[in-house]
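Work through the exercises below with the structure open beside you. Each task is followed by its solution.

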Amino acid sequence: MENLSSLNPQQREAVETISGPVLILAGAGTGKTRVITQRIAWMMHRGISPGQILAVTFTNKASREMQERLRNILPKRRREIGSEEPVKPTICTFHSLCVRILRQHIEKLGYKRNFVIYTESEQLAAIKKVLSNISVSAGEKTEPHAVLSMLSRFKNGGGALMDADPGLVALVQHVRLRYESALRACNAVDFDDLIFLTIRLFEEHPEALEACRERFRYVMVDEYQDTNASQFQLVHALTLVHRNICVVGDDDQSIYGWRGAEIKNLLELEKYYPEVKIVKLEQNYRSTNTILLAANALIKKNPRRRPKQLWSDKGEGRKIVLHSFKDDEEEAQTVVEEIEYNRLARRVLWKEQAILFRTNMQARPVENALRKAGVKYHLIGGQSFFDRREIKDFLAYLRALLNPHDDISLLRIANVPARGLSDLTMERLLAASQERNCSVFDALKNPLVQFSFQEKARNAIVSFAGFIEQNNQLLHSETVLNLNAWANQLMQTTGYFEELRHSEKVIEEGESRVRNLKELMVDLENPNFYSPTPAERLHQYLEEVTLDSDRAEDKEELGDVVTLITMHSCKGLEFPHVFVVGLEEGLLPHARSKVEGTLDEERRLFYVAITRAMQSLSLSHCQARRKYGQLIACHPSSFLQDIPAELVEDGEARSKEPVTINTGKNLFANIRDSLG
């Protein structure tokens, strides 16, 4: 393994402390991923079996990065006699971990092992179906997204629904039972169920918990400040006895409270592990000291935090530039001019520059300015590869052929492409399945149901049922040797490729959709899927796709493009040159934060944005911003007062009209004056 002498003293201490509870407070840019992978390698070097080591992350991207780094630092080991691969540490996300546990034990909870995992769109479809059957008035007034969000809060331990509308809470309690029943009928679970059911398994079947504790004797959790109540409960259950838990996180980067993350999990760790050893990583390897001094000064204003002081050996660096603009159009135009100046005069590539903002709405004027200037860019969080129609259709085909009782998938593909199964026909079949308390597929095959239709529709129903059954049997045999070839043939014979080619007015767009699909099909033949039957390999593939929501961004070769990204999405990333726009009261801090008591989290969000910058940082705010076609007066963010004035230089105003600010005074004095 790599020599530990390359680590700084604090990193080395974190790596070598392997027994008992450990909290690694890893400030922004302090090399935490390196520490985690080195720690795993060190445990193996000290004789701990890799099969007993578990490292849990929040994203598949982080998991893959850890696995790759570990491969690079571990010596090549001989394959164990009689096994294909040496035993490896388990490095995965919370959801992937729970899938592994449930695949082994879920039958104890009354599910089959080959359960499917519903995506958000499938969850919404199931909720809409339940709402339509409860009450017309309730169903019409209720937004399915709101119901799904509240169900998620409930399952993730956020039982505190006191701030929610009581009528909605009552409806959700009613919907919940029917929604869960609908999922169970399809042998399906949703993302929240993965952790919820694992905890239930541990509570109701102690022998399953004991088996997991025995398997995972050394547990590490990355980004611990982002854990919610149920994730904490899961980790605590696994480590309560052996207490070999190492959590890595930074309370100053806890920015996901709105989706259930509980910062107290990190701040109050001693309550559950009084003997915990705390190691602080404060040497930053990313940014200049000017940027870090600004970040330190800002975050110190938060009263409830674990103190730390980031520093760097990268020197003082450039001062932070602060701009005040007349409006958001001038802001966007000037930022784009700065980007082009960097590229042409300083030879800075587009991909080394990023524009950060609080909300997606702020991207529009920036995108317009970039397009006018001919600057290539990529908006992170735009349409996902897996949100495209052709990809959703194809995955629905795979799910329906693998599990014909998956109503959501079956209904999606029934008449795609058209095969004589109209919406009215499918509505009648759905109603028949509800009356008989069976799946739509069972209704399709029922002779009594079939003969209730006219001959043309009846023939289409019989044909479709036969198509589903034939492919399902094929997948459960061993005759399909290559899933990619099978899927290509399937889309060809159904006429789906042809439909895509003719579905767009521009031929190239139709061909692009076909290419997207064929690109995805290649992944069906994954060397990591060793299962004997194609059905089991397909299960693994669909599971990976469902859990791997960040995968599409990695696959796209973006090339030299400017990155546009929200502050929430930028955590974990870094860019040599960063422009943070829209630093105004009401945007950052957000208008809701003072009412909801989340001002500290808004400050942490700004801290995360600042610490993405490596070499230069530009901050800007507008005196007016366009909203619903009207210019609304704006005030500078109060957070700008927290940055020491000596770290900042005033940006040169580039407005065609005079800017109503006294440029003879220090800009920070103007900000303080405007805030009163």
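**Exercise 1.** Determine in which hand, left or right, helix α4 passes helix α9, and classify the angle between the two helices.

*Solution.* The model used here is predicted. In it, α4 passes α9 in a left-handed crossing. Next, take the axes of α4 (residues 94–105) and α9 (residues 191–204): they come within 9 Å and cross at roughly 55°. Angles from 65 to 115 degrees would count as roughly perpendicular, and those under 35 degrees as roughly parallel. The crossing angle therefore makes α4 oblique to α9.

**Exercise 2.** List the residues that make the contact between α4 and α9, and sort them by character.

*Solution.* From α4, the contact is made by Phe94, His95, Cys98, Val99, Ile101, Leu102 and His105. From α9 come Phe191, Leu194, Ile195, Leu197, Thr198, Leu201 and Phe202. Sorting these residues gives eleven nonpolar, three polar and no charged.

**Exercise 3.** Which strands stand at the edges of the open sheet, and why is one side of each left without a neighbour?

*Solution.* Start with the order of the six strands, β3-β2-β6-β7-β1-β8, with parallel pairing. The edge strands are β3 (90–93) and β8 (277–281); each has a single partner strand, so one side of each has no neighbour in the sheet. On average, neighbouring strands are turned by 15° against each other, direction ignored.

**Exercise 4.** Describe the pairing of β1 with β7, and then the packing of α1 and α4 on the sheet.

*Solution.* Strands β1 (residues 22–26) and β7 (residues 245–249) pair in the parallel sense over four bridges. Leu23 has Val247 of β7 as its bridge partner. Helix α1 (residues 9–16) packs on the sheet and touches β1 and β8, its direction making about 145° with that of β8. Helix α4 also packs on the sheet, touching β2 (53–57), β3 and β6 (218–221). The direction of α4 makes about 115° with that of β3.

Methods: Residues numbered from 1 in each chain as written. Predicted model: local features only at pLDDT ≥ 70, side-chain atom pairs only at ≥ 80, totals over all residues. Heavy atoms only, no water. Axes fitted to C-alpha atoms, helices over the stretch in contact; angles between N-to-C directions. Parallel < 35°, antiparallel > 145°, perpendicular 65-115°, else oblique. Left-handed = near helix turned anticlockwise from the far one by under 90°. Contact = heavy atoms within 4.5 Å. Nonpolar A, V, L, I, M, F, W, Y, C, P; charged D, E, K, R; others polar. Pairing = 2+ DSSP bridges.
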